[in-house]
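User: Hello! I have a model open on my screen and would like a close look at a single part of it.

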Amino acid sequence: MTEKLHAYVDKLKAKDPSWVGEVTDAFGEVTAIVPAASIVDVCSFLKNDQGFDMLADLCGADRGPEEDPRFEVNYHLFSTVHHSRLRLKVLVSEDAPSVPTVAYLWKTANWHERETYDLVGVKFEGHPDLRRILLPSDFDGHALRKDYPLRGYEPYSLN
Amino acid sequence: MATAVENIAGVDVLDRPLESEMTLSMGPQHPSTHGVLRLDLKLDGELVIDCIPDIGYLHTGMEKLFEYKKYQQGIVITDRMDYLNPLGNNLVYVMAAEKLLQLEIPERAQVVRVLMCELQRIASHMVWLGTHALDIGAMSVFFYCFRQREKILNMIESASGGRLTPSYFRIGGLMMDLPAGFENRCRQFLGDFLEAMDTFETLVTGNPIFQSRTKDIGIISGEEAINWGLTGPCLRGSGVGLDLRRDNPYTGYETYDFNVPIETDGDVWARFRVRMRECYESHKIVRQALERLTPGPIKADAPKVVLPDRDDMRKHMDSLIHHFLIVAEGFDVPAGEVYMPIEASKGELGVYMKSNGGPKPERVHFRGPSFVNLAALPVMCEGEMVADVVAIIGSLDIVLGEIDR
């Protein structure tokens, strides 16, 4: 099953060796680590030439304040043609938590990126409308960060 | 531009007062927004120029909460996301954990999962049909739909003890076996349901008012739908035949015989037809699952993960110890990350689960179909009338509990 997925990763490597970092194969899923600078190129190659026409999901995660790079953004690509799934992972450091947007490739990325920005605090360069989406615009902090307390800093009121 | 044509007693009377843009805030308490959704509508008269959804009114921080709960405790949180399809949420969550744990699920548990999920899909579609028709003005359909849904909820209650929050699936199998008489009740329901579907086809499908309210409205092309990440009936209504039950099969769906209904028009009517036809397919799957129900174990053979039977606990020391450890400390899940997608009643419901080992997940993210489908609302609404916005929201079948999480 995963040979097919590795073939796509190999095509990426053949196109430009700097596009792909470490590749992991676990639980029948293939994850390729992609440098933030080339995520748009990688995505547009996979979308236009390899049939990964749908971005099934995009989500951020915080690995904890002591980790470096601290954040990761996961792109779950899906193809409505050959029904394969591939995960791209971008690692982001805490000093410059920013990734180029893919919202111009897939419109669905617009809200996913807003959600990631809202809850994890990773910025997406060039995003057309990077506002908070689930939390109010005056909310302080990013709730899904590991150092954000479960109950918040103080009782939040909508006033 | 609007110009003053007359000046009566110092008041400017405009020749077309609404030619300029007007902003209308629809919701969050508007009943047709199916929860607490607010839309900022930019209008030119009755015409929608732009529509900006504003969500988050129901945000409860579930994804944060998962990180503080043990794996088995997370199941009850999932019930509250898409509250019309709780069993689907349970299923995707436990399947993600099972994938990390690499558990083998026994045959009977698999069949029961399929059976219950398809019943839940019918129940979810009944709420959609009732509220969609209600939004458009057909009130009586609502009551007929809820009568059918009630029967399914009663069945789910008899199996799990909960109507809206069943938490019936457990990591490694089921909470408990189906109760005595469940199969007969289910067969009885299946017979009645086809009659009810005939009623709906007459009441709604054949209704010329309903047709004229839904045809050629909220059109989205297949290519655009894929770009917006639409899944489920919304995508299949645009002519793209994607159903994860067939294309990325799970829980043994590949062994069931069912069709994937597709409509090509991409309008509200097409999405309506897809869901109606899906009810028959779910009905078919339930019937097949009932035939396959054979006695057997309902929990995986993994004593460190699956709670032992009560009877075992009384007789065996090790069962008692396992029970205590699972409840008090949880069980360690191997480190790793998985993305588990299923075909929920509204589209692709995916869960991204990351584990660092230990009894609590590092990160749980839900890709809710309602969240993604709602994002495409502005393109469908552009150039439509305000009254049609209500029809389009109904055709997307959104649940705000899942969007806001």
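How many residues of strand 9 (residues 347-355) of chain B are buried? Please walk me through that strand and its partners, and then through some other packing.

Analyst: Happy to help! This is a predicted model, so to speak with some caution: local features need pLDDT of at least 70, side-chain atom pairs count only at pLDDT 80 or more, and totals for chains, interfaces and linings use all residues. Residues are numbered from 1 along each chain as its sequence is written, while chains are lettered from A and ligands numbered from 1 in the order in which they are written.

To your question: 9 of the 9 residues of strand 9 of chain B are buried, so this strand is largely enclosed by the rest of the structure. Here a residue is buried if 20 or more other C-beta atoms, placed from the backbone, lie within 10 Å of its own. Strands (E, at least two residues) and helices (H or I, at least four) are DSSP runs, numbered from the N terminus.

Strand 9 of chain B is joined to strand 8 (residues 336-344) of chain B by 9 bridges, and the two run antiparallel. Two strands pair if DSSP finds at least two bridges between them. A hairpin of 2 residues links strand 8 of chain B to strand 9 of chain B. Strand 9 of chain B also pairs with strand 10 (residues 363-367) of chain B, in the antiparallel sense over 5 bridges. Gly350(B) is a handy residue to click on: it is the bridge partner of Pro341(B), and its own partner in strand 10 of chain B is Arg367(B).

Now for the other packing, between two helices. The axes of helix 3 (residues 86-101) of chain B and helix 4 (residues 107-136) of chain B come within 8 Å and cross at roughly 140 degrees. Axes are lines fitted to C-alpha atoms, for helices over the stretch in contact, and angles run from 0 to 180 degrees between N-to-C directions. Helix 3 of chain B and helix 4 of chain B are therefore oblique to each other; angles under 35 degrees count as roughly parallel, over 145 as roughly antiparallel, 65 to 115 as roughly perpendicular and the rest as oblique.

Leu87(B), Gly88(B) and Leu91(B) of helix 3 of chain B meet Arg113(B), Met116(B), Cys117(B) and Gln120(B) of helix 4 of chain B, where contact means C-beta atoms within 7 Å. By class, this contact has 4 nonpolar, 2 polar and 1 charged residues. Ala, Val, Leu, Ile, Met, Phe, Trp, Tyr, Cys and Pro count as nonpolar, Asp, Glu, Lys and Arg as charged, and the others, Gly among them, as polar.

Note on methods:
Two residues are in contact if their C-beta atoms, placed from the backbone, lie within 7 Å. A residue is buried if 20 or more other C-beta atoms lie within 10 Å of its own, exposed if 12 or fewer, and partly exposed in between; C-beta atoms are placed from the backbone.
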